[in-house]
Structure formats: C-alpha cells, structure tokens
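Me: I would like to go through the reasoning behind a few of the labels used for this fold. Please set each one against its criterion.

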Amino acid sequence: MQLYNKLSAEERAQLIDKAGKDRLTISFYQYYKIENPEILRNHLFIEWDKLEVLGRTYVSNEGINAQISVPSENLEALKQQLDSISFLKDCRLNIAIEQDNKSFLKLKVKVRTKIVADGLNDKTFDVTNKGIHLNAEEFNKKLQDPNTICVDMRNHYESEIGHFEGAVTPDVDTFRDSLDIIEADLKEHKEDKNLLMYCTGGIRCEKASAYYKHKGFKNVFQLEGGIIEYTRQVKDKGLENKFIGKNFVFDHRRSERITEDVIANCHQCGEPCDTHVNCANEACHLLFIQCEKCAEKMDTCCSTECQEINKLPTEVQKELRKGVPNSNKIFKKGRSEVLKYKK
C-alpha cells in the first residue's frame, strides 16, 4: 500500500488549482504516551490521503504535532476521523487566521523521537504535568499583573516580527536553547512571580510549562491555543488585542498579520519591514527579512555572491552544489554576517 507521496510539489499545486476547492490550514497537537508511533503514523497517512489532507505531522512516544491543510468540505470528516482516536477526541483544532490553498503541497507524516525537540534526557520529567491554561481574556488580565513575567517561547526570528506587549523575547535559535536560558534568568523568581508563557499554537509553551514546574516554578501559566487561538478569541469576543505585529507560521505563508504595526526592519537596508523570504540561491536558502525594493535590487537574494550564483543556469547551479553539504546559514535563520541590519 502506498504510504508516501508520488506527486511533486509543482504537480500538487496544479491539481489544487484544477480542483478549485477552498482549503483550510489547521494545526493541532496532543501530548500523550503512544506505545507504537509507527502504527499511528501509517493509520493517519492512509486515512488523511483519502481526505486530501496535506501538510507536515510528527508522531512520537510523547504525542502528535500536526500542521496540515484540508479541503473545507472535508473538515467535518477530518474531525470525525480524529474523534475515532481516543486521545484525540475533541482535540482543539487551530484554524489559521489567513488562508492559503497552497500552504502545504505534500502530505508528510513522520515518526520522530519527540514532537518538539528539547535536548532533554531526564526520565523523571513528565511532559503531561502541564501548567494552567488561560484563555485570551484571562491571559490579558494576567499580563497586566505587575507580579507577572511574560515569556515568548518562540525563536528570535519569530518574535522579531511580532510579540505581546512587554514580553521577554529570548534571543535564541531553537526551543531547546531557551529552556536553560530562561530558567537561569528567572531562578530568583521561582516562587514569587507568575511565569506566563505563549507560543504560536501552544505546543512549545505546554512542554515548557511542564518543564518549569519540574524545575520548581510554583506559578506557571500558558496561553491556551497560542497566538492563533488568542487572535480568534479577541476577534470573536471583542477583547483588547495585546499582540502587536505578525505571527510567524511554519508553512508557505510564513506569517499571518495580526495588527498593522511593523516592528521589524529590512535586514539589508534597515527600512521598516516584516516580510520573511528565503534566499533564492538554493545552496543558501537563508531565511531573512527583505523589503520589496531590496528584493527587486537583489533578486530575492541575501548577498551579491548569492545573486551571482542565482543568475547561473540551473544545471550549472546543481553542479556547484554536488557533494557540498547544506550551508549552515539554512539553520541560522537570519544570523548571517551578510545581513547588515539584523538586530
């Protein structure tokens, strides 16, 4: 039985256009002790392929993390399919604020060691012993409490374009980097302060909340459903919006605009800008912020060197890449020395 994609991204994009169906971009997660992730992985791929689901999902012994898209007409069928799995029954689905029919172009369901890489090797740590969940209204109240320290559990390139007012935004490349740094910075406040955390959809701060409880923090809270659900509740209930800028997302859209505030700058000219791009040179592919003027001037490249390479014929570029490992810049997300205005 086919448990892999046969179509390329380009072929899938053409089929999406031809089908003419509106698709919904959705994310969900659930921490749960799964005995055999491989069985669940295969089951999901088979069932989701029938529903024309696309996207990226990780399954592990600690649970599931899914970022997918589905034709809107198949949403109820997807919910029923998830409800048929005991630990996913009534699981909250975060529906994207801004929709794009091509947010995902392939279905990937992979077995991983962990659904959120944390670098931890502590068998006494129970990821299901999480902190207190807060809805948008409760989060706003806790945010205004002078006894609260609000921490952004995302990476530097995410918080750079949008974050909550007054939040601590650690200058980190990965989630695993943030855990020890935050604990060290806040170690004097384990008992006397409220530790209030948030992330994109809730999955990272849920693990972090359990980790900090494990480390002795007494008052640990997290934004339920993350920025995505917060924005929905703010709109539906007419609440004051405490988030400014854009919410970074991990699909082809790259971000969702929450407010009109532009709090970042172009990494090449310094002008106000919050648009992420990937360097057009496939051997680089660096993620960085680039305004329209610089994109036109630099052909969506991060440097003149990459610009020159990108002008070469495709076959020549492929030859140059042969046997050369991926540039470290792919994983640095805006850390390259060629970016003059990177804060």
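Me: Why is strand 3 (residues 63–71) described as largely enclosed by the rest of the structure?

Reply: In this predicted model, eight of the nine residues of strand 3 are buried, and the strand is therefore largely enclosed by the rest of the structure. Buried here stands for under 20% relative accessible area.

Me: What makes strand 1 (residues 23–31) and strand 3 a pair?

Reply: Pairing requires at least two bridges between the strands, and strand 1 and strand 3 are joined in the antiparallel sense over nine bridges, so the criterion is met. Within this pairing, Ser27 stands opposite Gln67 in strand 3.

Me: How do you know that strand 2 (residues 54–60) pairs with strand 3, and which way do they run?

Reply: Seven bridges join strand 2 to strand 3, and the two run antiparallel; Val59, for instance, stands opposite Ile64 in strand 3. Strand 2 and strand 3 also form a hairpin, with two residues between them.

Me: Why are strand 6 (132–134) and strand 7 (148–152) called edge strands?

Reply: Four strands form an open sheet in the order 6-10-9-7, with parallel pairing. Strand 6 and strand 7 each pair on one side only, and this is what the edge strands of the sheet do.

Me: What links strand 6 to strand 10 (residues 220–223)?

Reply: Strand 6 and strand 10 pair in the parallel sense over three bridges, and the bridge partner of His133 in strand 10 is Gln222. Helix 4 (residues 136–144) packs on this sheet, touching strand 6, strand 7, strand 9 (194–198) and strand 10, and its direction makes about 135 degrees with that of strand 9.

Terms used: Residues numbered from 1 in each chain as written. Predicted model: local features only at pLDDT ≥ 70, side-chain atom pairs only at ≥ 80, totals over all residues. Heavy atoms only, no water. Buried < 20%, exposed > 50% of the residue type's maximum accessible area, 1.4 Å probe, protein only. Contact = heavy atoms within 4.5 Å. Axes fitted to C-alpha atoms, helices over the stretch in contact; angles between N-to-C directions.
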